[in-house]
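Take a look at the model below and let's walk through it together, from a hidden spot out to the surface.

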Amino acid sequence: AEDIYFLFREFYCKYVCFVNSIATHPNSILKLCHLFEEALYRSSNKLSNFFSQKGWDPLNVAFEWLMYCFMGFLETEQQFILMDRII
């Protein structure tokens with residue numbers, strides 16, 4: 001169990017800690033939010049229009065997902081696949 005803790009700590013410090021900071025760093029949550037909005041509007045006009053018609057801000061829906069790297073929102077196997085892609 002101790003080895004897992006140090007592995008997770010290293011992963012968190014290298015990849016996730018930037019997502020939990022509001023900064024101009026290229027890996028910060030601000031950059032990730034901008035990337036999310038840009039990708040949404042470029043890839044899905046139907047979804048973008050749906051949010052606009054409802055008066056919803058897509059970032060308000062997705063911010064927690066991004067901030068917590070989808071922890072608690074994805075099944076465990078999907079979470080591991082996401083972490084593999086991040087690394």
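Ser28 is a buried residue, because its relative accessible area is just 1%, well inside the definition of buried as under 20%. Keep in mind that this is a predicted model. You'll find Ser28 in the loop between helix H1 (2–16) and H2. What is Ser28 in contact with, once its neighbours within four places in sequence are left aside? The partners are Phe18, Ser21 and Ala23.

Now for the nonpolar interior. The largest nonpolar core is made up of six residues: Val19, Ile29, Cys33, Leu59, Leu66 and Met67. Two elements each give two or more residues to this core, namely helix H2 (29–43) and helix H4 (58–67). Which of them has the largest share? That would be H4, with three residues.

Val19 is a good place to see how the core members meet. Skip the residues up to four places away in sequence, and Val19 touches Asn27, Ile29, Leu32, Leu66 and Met67. Among these, Ile29, Leu66 and Met67 are fellow members of the core.

Let's head to the outside. Here Phe8, Tyr12, Tyr68 and Met71 form a nonpolar patch on the surface, and together they have about 400 Å² of accessible area. Pick out Phe8, which sits in helix H1. Is Phe8 buried, exposed or partly exposed? Its relative accessible area is 45%, so Phe8 counts as partly exposed: exposed would take over 50%.

Terms used:
Residues are numbered from 1 along each chain as its sequence is written. This is a predicted model: local features need pLDDT of at least 70, side-chain atom pairs count only at pLDDT 80 or more; totals for chains, interfaces and linings use all residues. Side-chain values use heavy atoms; hydrogens and water are left out. A nonpolar core is a set of buried Ala, Val, Leu, Ile, Met, Phe, Trp, Tyr and Cys residues joined through side-chain atoms within 4.5 Å. Buried means under 20% relative accessible area, exposed over 50%, partly exposed in between (1.4 Å probe, protein chains only). Helices (H or I, at least four residues) and strands (E, at least two) are DSSP runs, numbered from the N terminus. Contact means heavy atoms within 4.5 Å. Patches are made of residues with over 30% relative accessible area and no salt bridge: like charges are joined within 9 Å, nonpolar side chains (Val, Leu, Ile, Met, Phe, Trp, Tyr) within 5 Å. Accessible areas come from the Shrake-Rupley method with a 1.4 Å probe; for residues, only the protein chains shown count as cover. A salt bridge is a side-chain nitrogen of Lys or Arg within 4 Å of a carboxyl oxygen of Asp or Glu.
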